[in-house]
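Dear colleague,

I am handing over the structure we spoke about, and below it I have set out what I found. Please read the notes with the coordinates open beside them.

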Amino acid sequence: MIDTVKNAEATPDQEQPYKELGLKDDEYARIKEILRRRPTDAELAMYSVMWSEHCSYKSSKVHLKYFGDTTTDEMRSKMLAGIGENAGVVDIGDGWAVTFKVESHNHPSYVEPYQGAATGVGGIVRDILAMGARPLAVMDPLRFGRPDADDTKRVLPGIVAGVGGYGNCLGLPNIGGEVVFDESYQGNPLVNALCVGAMRTEDLHLAHASGTGNKVILYGARTGLDGIGGVSVLASETFDDTAGKRKKLPSVQVGDPFTEKVLIECSLELFEKGVVVGIQDLGGAGLSCATSELASAGDGGMHVWLDRVPLRATGMTPAEILSSESQERMCAVVEPANVEAFMEVCAKWDVIATEIGEVTEGDRLVITYHDEVVVDVPPRTVAHEGPVYNRPIQRPADQDELQANTPDSLPRPDDLLALIKTMAASPNLASKKWVTQQYDRYVRGGTVLAQPSDGGMIRIDEETGRGVALSTDCNGRYTKLDPYEGAKLALAEAYRNVSATGATPIAVTNCLNFGSPEDPAVMWQFEQAVKGLADGCAELGIPVTGGNVSFYNQTGSTAILPTPVVGVLGVIDDVRRRIPTGIGAEAGETLLLLGETHDEFGGSEWAHHVHNHLGGRPPKADLKREKLLSEILVAGSRDGMVSAAHDLSEGGLAQTLVETCLIGEVGARVFLEGDLFTALFSESAGRVLVAVPRTEEQRFTDMCTARRLPWRKVGVVDPESNALEIQGLGELPLDELREAWEGTLPALFE
Amino acid sequence: MRVGVVTFPGTLDDVDAQRAVKYADGEAVPLWHGDHDLKGVDAVIVPGGFSYGDYLRCGAIARFAPVMQEVIEAANKGMPVLGICNGFQILAEAHLLPGALTRNHKLHFVCRDQWLKVENTNTAWTTRYDLGAEILVPLKSGEGGYQADEDTLKELEDEQRVVFRYVGENPNGSRNNIAGITNARGNVVGLMPHPEHAIDALTGPTDDGLGMFLSLLDTVVNA
């Protein structure tokens, strides 16, 4: 029997499975208070998914407010839409607006690697589409457990194939991302997906249902039984199956990229024809989310006839239809006069479109099923007025001990040449070609830079050459040692990577991956990281335009390394001025190291890979310096003074040299001063290696000196040598280095 | 020069093929899968992607699309037709070209910059190249392994109908390292690599692919 509102009123004491759906006692009590009766099954399903951690941000909200508090009007000046919309939107000039966002799909990808990763890509792409933009490229920051662990061998190939399988078939170039290994991600891999899209500024669409009488049209794939409870169960709880507790059925959605490709083209044609008032994608929480968010953000109520929803399974209950997370669906609000035109476009693309509802007077979201009312709620209470928790925060007891355990006493090797090779072959520093080779980076013909460049770059305007660059970064070891500084370092690196392409950074997004919010130590890490990131953005003068929080990333009581992945977007007037990563493009290049090197090994790749050590303090982040460095790089690109640039990060100068030579396929002669171990392997922030044509050397170094950016000449490009020679140490033939750098991942996963 | 570029639901590289035609000073004419005429074009490109989601088998559904009946008829009358990647698969399914494309031998999708050797410069699409020239263009496919029986392979080799061959390590298990072939008349060419992604060194590895579209310009002008 279908549980109607009438039935709920008649049976106030009927027991309901709210605990199994993830609601706490007081949350259930609040729902009853809002409705002044018990919720129906369908209402309970809606509230439980919408009030889940994943959808409601109930543990993070109080902290995320800090992003808004620290964003000045000046920082906001280029923002057309920000936190709270499907994705942030920034004005990049010439009438173009760019929207970008990164989201997590961690838990589904652990359960079902291929589909979890695939639908992660699909979901973020629909978020971008829902802003009215054409999705243009994707990036995937991924994190796995120990590379040789059985579970990593299970999840990694599937996740990579899923990212590729969906993105390739969708026709979006994959222009970058990360692949990082650390034991803490074992049993809880991180699959974050970023999408960037562009539109003319006047085409911005926001998710709201305004105008009484307007029609609500569901279009795209049919609704099935897949992904029910996905967000509330998978994304909001850890996987430990406590004995005696009824096990929830984890349920991963199944993606169909072909349907999504058609949905994209169909939606863009609908936008172009001007027949859409409001639009919302269906992702986590499915129709529950789409209807309540559209209604909540509009100025009226909404009536939905649930029995009209096209299904692909028989016997689905209203609650199941509302919480299904079937992929490739969108919900549009359309004026009655435009419904016919809307349907014509959908017919052209063979996309199923159904009028399922109407914007109404009043402020209730009413959902009927065969003429019986199964939902009657104030939509804001579902979508925007969920519970808010100020969870206990406690600096971990062992944080001091961790910071006191510095890497200073770790033995440093004598054979530095051998160490360069060892480090180049270490899983975190090794070439990710085995992964990125499975992603299409060429489709649509706008890709100017992609992996293994520091940042990905795409052309937005074919006439003017205006484009954007993007990078995502985070070093979880730094964040573990000092969450505040670590988050700043993640921001600094992404900012630097974007600058190294010649683009000017203008906006920030993030995906905050943490352990359980019920653990005060995790909440401390979270609070610190948010503060660090927000303060860093304020220092750099660029706003956070949106983001995503993923909690409960832990196995048993062990949380992952705190991993606030930071994405930075930059703009470049003309992509023809981009700075490539590899050296050797110009005859006679000088290698200059910009920035300063200190003895900083806390959380370094060397300490991790060689000594399995994590302790001390991370390198210092100096954002004023990063800003200056960025300005110098952009000026260098604009005036044609820089022929290649590559940032220094994990693995230090040694790794940067190896990569610049191998990517450029030419040798170099390098001369360093002081302690060579520190010079080669320290991970001090704020450094970039640039190649400048000899004819520009004076002009460029004069500029650095005048603006007080420390620089040092560290070598020359040597097209004849086919080796990386380091004075005082000897030389490493490039083919040997290539074998070390490129051999690791195939050996592990082929 | 007016060149039709076919779009099926799931086609991805149509914008790239249109751009390549423009780079060769041609006019790109979009053709929809449901069209029943070719709008008076001089040549047709069947671009890459995943037509109809590649359900059943790559190209198996697309070959039955209304527009393909027109393409098949025109090709048989001598119109220059180029199939790239999924387009090659469709032309093979439509029997405009012999053989079939199968799953890459290592079972992964492969996207990489691939050296090719030009082995036939007499087709409608390859006159601008020097015989034996090596060109660098992107290859990006999961089912690019060229397969044919011994007799067909012998016929292709004897008649110099292998247009492009992979140089170096075989990327997908194609027999005889075959990357692209032509029909007996030389007007229909199919290849797995993507010349339309190599028309500008800014966005591709080289501009080596542009030669195919410029060759077409010569063919159309001289026809």
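Leaving out residues up to four places away in sequence, A:Lys101 touches A:Ala87, A:Gly88, A:Ile124, A:Asp127, A:Ile128, A:Leu194, A:Cys195, A:Thr509 and A:Gly546. Please bear in mind throughout that this is a predicted model. A:Lys101 itself belongs to strand β3 (residues 96-104) of chain A, and it counts as buried because 26 C-beta neighbours lie inside 10 Å, where the cut-off for that label is 20 or more.

I began with this residue on account of a record: the UniProt annotation "binding site", from an unreviewed entry, covers A:Lys101 together with A:Tyr57, A:Asn510 and A:Gly547. A:Tyr57 is placed in the loop between α4 (53-56) and α5 (61-69) of chain A, and with 19 other C-beta atoms within 10 Å it is partly exposed. Setting aside its neighbours within four places in sequence, A:Tyr57 is in contact with A:Leu64 and A:Val549.

The same kind of record, again an unreviewed UniProt entry, assigns "domain: PurM-like N-terminal" to residues 84-199 and 454-572 of chain A. Over residues 454-572 the chain is 38% helix and 35% strand, and the end C-alpha atoms of that stretch are 15 Å apart.

Turning to the sheet in chain A, 6 strands form an open sheet with mixed pairing, in the order β14-β15-β16-β21-β17-β18. Its edges are β14 (447-449) and β18 (544-550), each of which has a single partner strand, so that one side of each is left without a neighbour in the sheet. From one strand to the next the twist averages 20 degrees. Within this sheet, strand β16 (residues 467-473) and strand β21 (residues 563-572) of chain A run antiparallel and are joined by 7 bridges, and A:Leu470 has A:Leu569 in β21(A) as its bridge partner. Helix α20 (residues 483-500) of chain A packs on the sheet, where it touches β16, β17 (504-513) and β21 of chain A, and its direction makes about 25 degrees with that of β21(A).

Finally, in chain B, strand β6 (residues 110-118) is joined by 8 bridges to β7(B), and the two run antiparallel, with B:Gln114 standing opposite B:Val137 in β7(B). Strand β7 (residues 134-141) of chain B is mostly covered, since 6 of its 8 residues are buried.

With best regards

Technical notes:
Residues numbered from 1 in each chain as written. Chains lettered and ligands numbered in written order. Predicted model: local features only at pLDDT ≥ 70, side-chain atom pairs only at ≥ 80, totals over all residues. Pairing = 2+ DSSP bridges. Helix = DSSP H or I, 4+ residues; strand = E, 2+ residues; numbered from the N terminus. Axes fitted to C-alpha atoms, helices over the stretch in contact; angles between N-to-C directions. Contact = placed C-beta atoms within 7 Å. UniProt positions renumbered as here; feature names shortened; annotations may be inferred. Buried ≥ 20, exposed ≤ 12 C-beta atoms within 10 Å, placed from the backbone.
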